[in-house]
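Please examine the sequence and the three-dimensional structure shown below. The explanation after them proceeds from the whole chain to single residues.

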Amino acid sequence: MTSVYVDDVAKAHAFYTDVLGFETRTRMDLGGGTLFITVGAPQGAQRDLELLLEPGQGPIAEPYRRAVREAGLPAMVFSVADLRAEYERLRGEGVIFVQEPQEQGPVITALLDDTVGNLIQLSQPKD
């Protein structure tokens with residue numbers, strides 16, 4: 001499990017499941033409006049990593065997230081089998097890309113806004 005800091009856990013959960021296609025692995029209401037949610041690759045895919053959607057406010061997370069975003073760096077990189085097809089599918093879902101697909105050495109990459117404070121890079125090895 002690894003954490004990704006987000007502006008809004010419920011909004012992140014909706015984006016990562018409804019738009020990106022992850023599945024909910026854990027969803028617990030801890031009380032007081034605090035949710036503990038993890039998502040991962042859909043059933044049938046390798047189940048070796050879960051993302052903990054973690055509140056991104058606070059003296060450590062907030063400056064870190066801001067600096068990474070302002071530098072244009074992705075918070076995470078996801079490999080995809082067909083980047084151009086995934087780019088078109090996600091654009092059709094209203095996802096905003098800050099970098100369209102482009103070749104970068106041995107890979108093709110694109111950079112999207114996850115709507116909750118992070119940039120996410122999609123990557124595909126060139127054939």
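The paragraphs that follow treat the overall fold, the nonpolar core, the aromatic residues, and then one strand and the loop before it.

The model is predicted. The chain contains 3 helices and 8 strands, and along the sequence these elements follow the pattern β-α-β-β-β-α-β-α-β-β-β. Taken along the principal axes, the C-alpha atoms fill a box of roughly 50 × 35 × 25 Å. The radius of gyration is 15 Å, which agrees with a compact globule, because a globule of 127 residues would have a value near 14 Å. Among contacts between residues at least 6 apart in sequence, 52% join residues at least 24 apart. The accessible surface comes to about 7200 Å², and carbon and sulfur atoms account for 51% of this surface. Of the 127 residues, 39% count as buried.

In soluble globular proteins, nonpolar side chains tend to be buried together. In this chain, the largest nonpolar core has 28 residues. Which residues have the most contacts inside this core? They are Tyr-16, Leu-53 and Phe-78. The elements that give two or more residues to the core are strand S1 (2–6), helix H1 (9–19), strand S3 (34–40), strand S4 (50–55), strand S5 (76–79), helix H3 (83–92), S7 and S8. The largest share, 5 residues, comes from H1.

Two of these core residues, Tyr-16 and Phe-78, lead to the aromatic residues. Phe-15, Tyr-16, Phe-22 and Phe-78 form one aromatic cluster. The model has a count of 4 aromatic pairs. One of them joins Tyr-16 and Phe-22 in a tilted arrangement, with 6.1 Å centre to centre and 45° between the planes. Are the partners of this pair buried or exposed? Tyr-16 counts as buried because its relative accessibility is 0%, and Phe-22 is likewise buried, with a relative accessible area of 17%; the limit for burial is under 20%. Residues up to four places away in sequence aside, Phe-78 touches Tyr-16, Leu-20, Phe-22, Leu-51, Ile-120, Gln-121, Leu-122 and Ser-123.

Two of the residues that Phe-78 touches, Gln-121 and Leu-122, direct attention to strand S8. Gln-121 lies in this strand, which covers residues 119–125, and Leu-122 is found there too. Gln-121 counts as buried because its relative accessibility is 15%. Leu-122 is also buried, at 4% relative accessibility. Beyond its neighbours within four places in sequence, Gln-121 is in contact with Pro-74, Met-76, Val-77, Phe-78, Gln-104, Thr-109, Ala-110 and Leu-111. On the same basis, the contacts of Leu-122 include Phe-78, Val-80, Leu-83, Glu-86, Leu-90 and Phe-97, as well as Ile-108, Thr-109, Ala-110 and Leu-112. The C-alpha atoms of Leu-122 and Pro-74 are separated by 9.4 Å, although these residues stand 48 residues apart along the chain.

The loop between strand S7 (107–113) and S8 holds Thr-115. What is the phi of Thr-115? Thr-115 has a positive phi of about 75°, although it is not a glycine. Most residues other than glycine have a negative phi. Thr-115 counts as partly exposed because its relative accessible area is 35%, a value between the limits of 20% for buried and 50% for exposed.

Methods: Residues numbered from 1 in each chain as written. Predicted model: local features only at pLDDT ≥ 70, side-chain atom pairs only at ≥ 80, totals over all residues. Heavy atoms only, no water. Helix = DSSP H or I, 4+ residues; strand = E, 2+ residues; numbered from the N terminus. Buried < 20%, exposed > 50% of the residue type's maximum accessible area, 1.4 Å probe, protein only. Contact = heavy atoms within 4.5 Å. Phe/Tyr/Trp six-rings, centres within 6.5 Å; stacked < 30°, edge-to-face > 60°. Core = buried A, V, L, I, M, F, W, Y, C linked by side-chain atoms within 4.5 Å. Rg over C-alpha atoms; globule rule 2.2 N^0.38 Å. Areas by Shrake-Rupley, 256 points an atom, 1.4 Å probe, with all protein chains shown as cover.
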